[in-house]
Amino acid sequence: MSDERILMLEVTSPALVKIKEILKEQDQEESGLRVIAAPTEQGGVQYMMTMEKDSQDDDTVLEMEGVKFLMDSDSTPFLDEATIDYVEELTRVGFVISNPAFSTGGCGSGGC
């Protein structure tokens with residue numbers, strides 16, 4: 001698959017720090033973080049994240065600072081150029097996934 005473009009997913013430093021912290025707290029340091037993206041009826045994208053030990057045959061696997069990110073083939077088009085961030089604001093605390101190519105961001109309506 002030499003003509004396949006490399007997925008460009010960005011993960012901010014605060015998000016990486018929080019992901020590592022959660023994996024350690026949950027005793028899941030060997031697990032990866034599965035990032036799922038699904039289109040919504042309104043034309044946006046809903047994002048979800050779960051911990052998962054094993055990758056699947058159709059997964060794209062990225063490793064950043066010791067954290068594995070697993071993305072299935074249906075999700076990767078919606079994750080290209082996306083950014084995973086961790087925010088601590090007055091009105092919300094949590095992970096936020098945004099992608100300039102789609103009109104909505106975040107994991108659901110308030111973060112993951």
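The following is an exchange between a biologist and a modeller about a predicted model of one protein chain.

Biologist: What pattern does the protein chain follow, read along the sequence?

Modeller: The model is predicted. Its secondary structure comes to two helices and seven strands. Read along the sequence, these elements give the pattern β-α-β-β-β-β-α-β-β.

Biologist: Which strands stand at the edges of the open sheet of four strands?

Modeller: This open sheet has the strand order 3-2-5-4, with mixed pairing. The twist from one strand to the next averages 25°. An edge strand has a single partner strand, so one of its sides is left without a neighbour in the sheet. That is the case for strand 3 (45-52) and strand 4 (60-64).

Biologist: Which residue in strand 3 stands opposite Ile36?

Modeller: Strand 2 covers residues 32-39 and runs antiparallel to strand 3. Eight bridges join the two. Opposite Ile36 in strand 3 stands Met48.

Biologist: Which strands stand at the edges of the open sheet formed by three strands?

Modeller: The order in this sheet is 1-6-7, and the pairing is mixed. Each edge strand has a single partner strand, so one side of each lacks a neighbour in the sheet. The edge strands are strand 1 (10-11) and strand 7.

Biologist: What is the bridge partner of Glu88 in strand 7?

Modeller: Strand 6 and strand 7 pair in the antiparallel sense. Their pairing extends over six bridges. In strand 7, the partner of Glu88 is Val93.

Biologist: What angle does the direction of helix 1 make with that of strand 6?

Modeller: Helix 1 (residues 13-25) lies across strand 2, strand 3, strand 4 and strand 5 (67-71), and runs at about 95° to strand 5. Helix 1 also packs on the sheet that holds strand 1, strand 6 and strand 7, touching those three strands. With the direction of strand 6, the direction of helix 1 makes an angle of about 80°.

Biologist: Which element supplies the largest share of the largest nonpolar core?

Modeller: This core has 24 residues, and those with the most contacts inside it include Leu9, Val11, Ile19, Val35, Phe69 and Ile84. At least two residues each come from helix 1, strand 2, strand 3, strand 4, strand 5, helix 2 (76-79), strand 6 (83-88) and strand 7 (93-98). The largest share, four residues, is from helix 1.

Biologist: Which residues is Ile19 in contact with, leaving aside its neighbours within four places in sequence?

Modeller: Ile19 is among the residues with the most contacts inside the largest nonpolar core. With the neighbours within four places in sequence left aside, the contacts of Ile19 are Val11, Leu33, Val67, Phe69 and Phe95.

Biologist: Are Tyr86 and Phe95 buried or exposed?

Modeller: Tyr86 and Phe95 form an edge-to-face aromatic pair, 5.0 Å centre to centre with 65° between the planes. The cut-off for a buried residue is under 20% relative accessible area. Tyr86 has 14% relative accessibility, so Tyr86 counts as buried. Phe95 has 7%, so Phe95 also counts as buried.

Biologist: What share of the residues in the protein chain is buried?

Modeller: The protein chain exposes about 6900 Å², of which carbon and sulfur atoms supply 48%. The chain has 112 residues, and the buried ones make up 39%.

Biologist: Among contacts between residues at least 6 apart in sequence, what share joins residues at least 24 apart?

Modeller: Contact here means heavy atoms within 4.5 Å. Among contacts in the protein chain between residues at least 6 apart, the share joining residues at least 24 apart is 52%.

Methods:
Residues numbered from 1 in each chain as written. Predicted model: local features only at pLDDT ≥ 70, side-chain atom pairs only at ≥ 80, totals over all residues. Heavy atoms only, no water. Pairing = 2+ DSSP bridges. Axes fitted to C-alpha atoms, helices over the stretch in contact; angles between N-to-C directions. Core = buried A, V, L, I, M, F, W, Y, C linked by side-chain atoms within 4.5 Å. Buried < 20%, exposed > 50% of the residue type's maximum accessible area, 1.4 Å probe, protein only. Areas by Shrake-Rupley, 256 points an atom, 1.4 Å probe, with all protein chains shown as cover. Phe/Tyr/Trp six-rings, centres within 6.5 Å; stacked < 30°, edge-to-face > 60°.
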